[in-house]
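Colleague: Could you take one part of this model and walk me through it closely, with the cut-offs spelled out as you go?

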Amino acid sequence: MPDSSAFAPQYASIPHRDHTAELGMWVFIATEVLLFGGLILAYFVYRHAFPQGFAAGSRHTEIVIGTANTAVLLTSSFLVAWAVEVFSPATTRIVTWLLVGAACLGLVFIALKGIEYSKEYDEHLVPGIDFQFAGPKANGVQLFFIFYFIATAIHALHMLIGICLLLTLATICRKAPTTRHHTALHSAALYWHFVDVVWIFLFALIYLPGRSTS
Amino acid sequence: MTDWRPPLALIGAWLGLLALLALTVTLAYVPLGAGNAAVALIIGTIKAGLVAAIFMELRHRSGLTLVFAGAGLFWLGILLYLGSMDFLTRT
């Protein structure tokens with residue numbers, strides 16, 4: 001793969017530049033871990049305080065859509081990892097299509113999330129806008145859905161940013177890819193996989209509790 | 001011809017992740033009491049580990065990269081551990 005241009009003076013070599021980019025991406029991911037970590041801490045505190053309400057709230061989420069979305073996201077991560085692995089000037093076509101495919105799966109995820117949000121709105125489960133839930137568990141259920149909407153909305157925002165990144169890279173990498181493009185793609189891929197990991201945990205915390213009881 | 005096929009490790013990780021997803025959804029419907037939450041989080045952690053090791057290529061990395069990747073987990077551990085201590089020990 002050609003090295004398009006000289007590297008900046010602070011680097012000793014091109015691998016040094018690429019390694020620095022990777023470390024920088026991991027520092028960014030660490031800050032993101034703490035962003036979602038704070039939300040998840042709040043989740044555990046309130047689930048501990050309202051175990052029945054959280055189980056009841058979880059049973060009102062759409063597990064079919066949640067499971068489908070998890071599979072969609074895992075598959076799109078696979079396509080991105082594939083693109084990074086085979087990236088070279090001879091494979092620009094397939095890399096472009098893999099990235100476009102991954103971005104399309106990201107859009108499928110967003111679309112399914114939209115359907116889910118509208119179902120929850122119809123069921124009066126949106127705190128602050130239209131929330132009605134009868135019975136003693138109402139407070140816990142409301143806290144669950146506050147977490148649900150904040151966490152999934154922040155996650156969906158990350159997805160939208162990731163989709164833009166993937167489409168931008170698909171466009172850039174179409175012509176004469178260089179090692180710089182490979183590094184950029186690798187950084188974007190780390191971000192995309194991280195968003196996938198966040199969803200893996202959100203899925204376990206949002207959709208799975210309370211399924212074995214009624 | 002340049003090889004465009006995905007390495008077997010990637011395909012294996014992808015299929016493994018989908019299998020774990022099916023397993024965790026199935027187990028969520030099996031009454032295990034407090035075990036349900038533990039099973040969901042353990043399977044989630046295994047899935048995250050697969051993504052980190054294979055998709056994020058951490059299995060090919062060493063030293064400094066692993067320290068940087070582990071730093072986030074280290075601070076997350078402090079956040080969750082100290083943050084939940086008060087609530088879990090209140091009577």
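Modeller: Sure, here is a look at the last helix of chain A and what surrounds it. A quick word first: residues are numbered from 1 along each chain as its sequence is written, with chains lettered from A and ligands numbered from 1 in the order in which they are written. This is a predicted model, so local features need pLDDT of at least 70 and side-chain atom pairs count only at pLDDT 80 or more, while totals for chains, interfaces and linings use all residues.

Chain A has six helices and two strands, where helices (H or I, at least four residues) and strands (E, at least two) are DSSP runs, numbered from the N terminus. Along the sequence the order is α-α-α-α-β-β-α-α. The C-alpha trace of chain A spans about 65 × 30 × 30 Å along its principal axes.

Now the helix itself. α6 of chain A covers residues 179–206, 28 residues in total, and reaches 40 Å from its first C-alpha to its last, close to the 40 Å expected; that expected span is 1.5 Å times one less than the number of residues. α6(A) is mostly covered, with 20 of its 28 residues buried. Buried means that 20 or more other C-beta atoms lie within 10 Å of a residue's own; 12 or fewer makes it exposed, in between is partly exposed, and C-beta atoms are placed from the backbone. Across chain A, buried residues make up 38% of the 214.

Much of this ties into the largest nonpolar core, which has 75 residues. Such a core is a set of buried Ala, Val, Leu, Ile, Met, Phe, Trp, Tyr and Cys residues joined through C-beta atoms within 7 Å. α6(A) brings the largest share of this core, 17 residues. A:A83, A:L99 and A:L166 have the most contacts inside it. A:L166 touches A:L99, A:A102, A:A103, A:A188 and A:W192, leaving out residues up to four places away in sequence; a contact here means C-beta atoms, placed from the backbone, within 7 Å.

The helix also takes part in the interface. In all, 41 residues of chain A are in contact with 41 residues of chain B. On the chain A side, the elements giving two or more residues are α1 (14–49), α3 (63–86) and α6, and α1(A) gives the most, with 14 residues. That side has 25 nonpolar, 12 polar and four charged residues, counting Ala, Val, Leu, Ile, Met, Phe, Trp, Tyr, Cys and Pro as nonpolar, Asp, Glu, Lys and Arg as charged, and the others, Gly among them, as polar.

Methods:
Two residues are in contact if their C-beta atoms, placed from the backbone, lie within 7 Å.
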